[in-house]
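Visitor: Please take a close look at the part of this model that surrounds the ligand. I would like the account to go on to the strands and helices as well.

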Amino acid sequence: MSYTIPKGVFDLFPFSCKPTDTWKEIHKCQYLQYKMKEISHAYGFEEIVTPIFEKTELFARSIGQETDIVSKEMYTFTDRANRSMTLRPEGTASVMRALIEKKLYHDQSFHKFFYTGPMFRYERQQAGRYRQFYQFGVELIGLDCPEQDVELLDFLHTFFSSLGLQNLTLYINSLGNESCRQNYRRALLEYLTPQKNKLSPESQKRLAHNPLRILDSKNKDDQKILEKAPSILDYLEEDSKIHFETVQKWLKIFKIPFKINTHLVRGLDYYNRTVFEVVCGNLGAQDTLAAGGRYDRLVHQLGGPELPAVGFALGFERLLQIMDAQHCSYRPPNVPLVFIIPLGELAKEVGFEWLKQIRLNHMSAEMDLSGKKLKQLMKYADKRQIPYVLILGEDELQKEEVKLKHMLTGEEQAVALDQLLLTLKNLTPAQTS
Ligand code: HAM
């Protein structure tokens, strides 16, 4: 029997196993986490960690029974006490559950949280769509002013710019409040119902339960019909209209480019007012890199007080794929400063002690324990991009010396053993890169 990885999931390695897998190198993911935390701290966002599984009804209630996620994509199982549990398909619901359960709003009426972690959706396998994927999300809870939406969008813009990404488009729309959506829903139904037979089978089904979702259909015939559909922006009530205009005003002041897409409705039920997506031309069919919006009713719907909120999440896999496609630079992977190659048994003993000393002196080092040929080991050090190799030959050891080789320049120097730690400590970063 041979064991293989399940469909729709993947491993991350310190290196890439094939040319198309360069985005799976672990140091790239670590770099993203580092940047994301650095910028989150600059914005005053605090980290929150929630469990990977929750009671199923939390997701059904918050994301919506009729959504694709809840109706066909959740990893749901019964635990040993016969309770229905679900691997989290997204992070917002869990953050809200934690907020309400611990009454975090009592001492402080607003919170700015960020989180990262794996999410699970049973999706059809295709590039950019995985069954376990890694999200970074932000939830800003407690304020309903448009400036709060802009702070979030500004964060996203700053984050993407700091990674050197190009060719991104921010699409925004407003879904208004409940009564705007009721009126719009009626107008959309009036427009679509006479053309029902020309709609795709998927959209025909949606017409009965969730007509707004027809707006983001990828079907060409649906899109043709939708060209003349009424626009939700014409149904916004005064306060939602002012909210949306103020968001746009501030985006212009902050020089954050955006486009209005009146067909943007999102696939989760909890949104109202501002919704947005960041899309990248390099991504193919699954081109949405980050997405989110305002969800002012969710805390109350889940049993908490009336607390407005706005948030987004982005998928690491899609982001890493774009960064590779656009040749963005990463922080180089962490590699040991020095690789020790002992030539012979005595050298191995001496080297093993020095290995410990170097590590105790807060420098990273690795030593060959396999006894392979020098040529092979030099090749290994080169492949790992280890900047220095320390060769311990028995002749040199007689003279209480070792040979230090700079891998990039090929320069070699003899170093007296009693000077070794000092010499290694004095290697400047410039010499090691
Ligand atoms: P979402 O649009 O479902 O929103 O997902 C956000 C992002 O997660 C997507 O734009 C995409 O980059 C990534 N993503 C989603 N599904 C997959 C998948 N199967 N494989 C790879 N990447 C995927 C949410 O999850 C909301 N919770 C966002 C939010 C936060 N809204 C308010 N606060």
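Guide: The account below begins with the ligand and then turns to the sheets.

This is a predicted model, in which local features need pLDDT of at least 70 and side-chain atom pairs count only at pLDDT 80 or more, while totals for chains, interfaces and linings use all residues. Residues are numbered from 1 along each chain as its sequence is written, and side-chain values use heavy atoms, with hydrogens and water left out.

The ligand is surrounded by 25 residues, a residue being counted if one of its heavy atoms lies within 4 Å of the molecule. The closest are Glu90, Arg121, Glu123, Glu139 and Tyr271. By class, the shell holds eleven nonpolar, seven polar and seven charged residues; here Ala, Val, Leu, Ile, Met, Phe, Trp, Tyr, Cys and Pro count as nonpolar, Asp, Glu, Lys and Arg as charged, and the others, Gly among them, as polar.

Several polar contacts (pairs of N or O atoms within 3.5 Å) can be named. The side chain of Arg121 places an N or O atom 2.8 Å from an oxygen atom of the ligand. For the side chain of Gln135, the corresponding distance to a ligand oxygen atom is 3.1 Å. Leu289 contributes through its backbone, with an N or O atom 3.0 Å from an oxygen atom of the ligand. On its own the ligand has 650 Å² of accessible area, and the protein covers 96% of this; such areas come from the Shrake-Rupley method with a 1.4 Å probe. The elements that give two or more residues to the shell are β6, β10 and β11, and β10 gives the most, with five. Strands are DSSP runs of E with at least two residues, and helices are runs of H or I with at least four, numbered from the N terminus.

These three strands belong to an open sheet of eight, ordered β1-β5-β6-β11-β10-β9-β7-β8, with mixed pairing; two strands pair if DSSP finds at least two bridges between them. Its edge strands, β1 (46–47) and β8 (259–260), each pair on one side only. β7 (residues 168–174) runs parallel to β8 and is joined to it by two bridges, and Ile172 has Ile260 of β8 as its bridge partner. Helix α5 (residues 146–162) lies across β5, β6, β7, β9, β10 and β11, with contact meaning heavy atoms within 4.5 Å. The helix runs at about 20° to β11; axes are lines fitted to C-alpha atoms, for helices over the stretch in contact, and angles run from 0 to 180 degrees between N-to-C directions.

A further open sheet has five strands in the order β13-β12-β14-β15-β16, again with mixed pairing. β13 (365–367) and β16 (412–416) stand at the edges with a single partner strand each, so one side of each lacks a neighbour in the sheet.

How values were computed
A polar contact is a pair of N or O atoms within 3.5 Å; within protein, one must be able to donate a hydrogen and the other to accept it, and residues adjacent in sequence count only if both atoms are side-chain atoms.
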